[in-house]
Amino acid sequence: MNKVKKNVAEALEGIGDNMTLMLGGFGLCGIPENAIKQLVLLGVRNLTCISNNAGVDDYGLGLLLQNRQIKKMISSYVGENDEFERQMLSGELEVDLIPQGSLAERCRAGGAGIPAFYTPAGYGTEIAEGKETKVFDGKPHILETCLTADYSIVKAWKADTEGNLVYKATAMNFNPVMAMAGKITIAEVEEIVPAGALDPSFIHTPGIFVQRVFQGAVFEKRIEQRTTRNREENGIR
Amino acid sequence: MALDKIGIAKRIAQELQSGWYVNLGIGIPTLVANYVPHGLDVEFQSENGILGMGPFPFDGEEDADLINAGKQTITAKPGAAFFDSATSFAMIRGKHVQLTVLGAMEVSQSGDIANWKIPGKMVKGMGGAMDLVASAENIIVAMMHSNKAGESKLLKTCTLPLTGVGCVKKIVTELAVLKIEEGKFWLMERAPGVSVEEIKQKTEGELVVPDFVPEMVF
């Protein structure tokens, strides 16, 4: 089944106002940057965005925030973004903060047909308020429900034409679980190769989870915290 | 003399044991990786999806696709592995990680920890902290003994919204090493030259002080 779309515009067809979107990435690492720019161009509004973070002011999901396209964010950590803070404090933006492991598992569960699961994370905190509690092996757990999305937009390193995906290094993060949880999953990739060019033993996301694939036109891949060692100081030339 | 942040990291590094997988939080905990005793075989896990985290890359070799949970550019050691976020927290919840080191705003004498939210101020979120503290069997808190206003961070009960309940077993501050047992802080070691009196005075929660409190050895 050929999943390849000719460009980002064709890949994002059908995304409209009031939809729920999942967007992969951790910080600015492994985000579908070309698709996010296209969402800005499309001008779709009142979006509910499920993403671990919310980008920075002028990059990543920060671009959608600036344009007031997001109604609600579901995330685990949203620092590093002044516009986010302003909209949240003024009440323009709804925010649902979820422990990171619960967020990942809720996406995985959504894609795996598991409606809910118990986790110890957040027990005894305000996250547990209003949630069912049950004790297993003497330890209290809270019930968390699964998450799904109208569209999941993920970023992978390579795809084949069948939609099989391979991620690079820690740019994998939330992308595989979000790919599973979208009614329609769109993969933005750096390179599309013919079917058969990827070793089937080394596929991260099997193509069954992916409906559309496109090659991003430009990858800026911005670095949030550039931390390095100096060669000379470390005695290496 | 009270320790500096590096001193706290060095003292925590003494707690590491060969064969352990260790998750280090942002801030002082990250520094622990720099002081692993020579010959000790430990691997660092970062919850964004790497086992076998190495040092920062050399200038010019940064890779935007290779970061830690603090969003800093890092390297991968030979034998490293990458994985997705659900697998990462399976390692954490499933107790495959032997030690978690993280910072805190407050710790109570019953082992409760608060480190994610100050009401009325900007809420940035808990990230992975709630999952980590709820599941880890061995948690060391690395923090200063008092906050910037000079108030003790070792309390009878936490005043800030909790990250987890009854989970902290050990704390290393610039003044002392303390354990938590039977709903009390127990003074185990003091920083070189720091008096028991000073530690008592700066600990709001109930503190058990043995007859002899050794100085930390570096």
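Chain B and chain A bury about 4,300 Å² between them, and carbon and sulfur atoms give 60% of that area. Please keep in mind that this is a predicted model. The contact draws 53 residues from chain A and 48 residues from chain B. If you would like a place to start looking on the chain B side, try B:Phe58, B:Asp65 and B:Lys71: together they supply 19% of the area that chain B buries against chain A, more than any other three residues.

Charged pairs join the two chains as well. Across the interface of chain B and chain A there are 6 salt bridges. To see a salt bridge between side chains, go to A:Lys168 and B:Asp63, where nitrogen and oxygen lie 3.3 Å from each other.

Now let us turn to a pair of helices. Two packed helices are described by the distance between their axes and the angle between them. Here the partners are helix α5 of chain A, residues 100–112, and helix α3 of chain B, residues 85–93. Their axes come within 8 Å and cross at roughly 125 degrees, which means that α5(A) is oblique to α3(B). The crossing of these two helices is left-handed.

Which residues of α5(A) and α3(B) make the contact? From α5(A) come A:Gln100, A:Gly101, A:Ser102, A:Ala104, A:Glu105 and A:Arg108, while α3(B) brings B:Ser85, B:Ala86, B:Phe89 and B:Arg93. Sorted by character, the residues of this helix contact comprise 3 nonpolar, 4 polar and 3 charged.

Terms used:
Residues numbered from 1 in each chain as written. Chains lettered and ligands numbered in written order. Predicted model: local features only at pLDDT ≥ 70, side-chain atom pairs only at ≥ 80, totals over all residues. Heavy atoms only, no water. Axes fitted to C-alpha atoms, helices over the stretch in contact; angles between N-to-C directions. Helix = DSSP H or I, 4+ residues; strand = E, 2+ residues; numbered from the N terminus. Parallel < 35°, antiparallel > 145°, perpendicular 65-115°, else oblique. Left-handed = near helix turned anticlockwise from the far one by under 90°. Contact = heavy atoms within 4.5 Å. Nonpolar A, V, L, I, M, F, W, Y, C, P; charged D, E, K, R; others polar. Buried area = accessible area lost by both parts, 1.4 Å probe. Salt bridge = Lys/Arg side-chain N within 4 Å of Asp/Glu carboxyl O.
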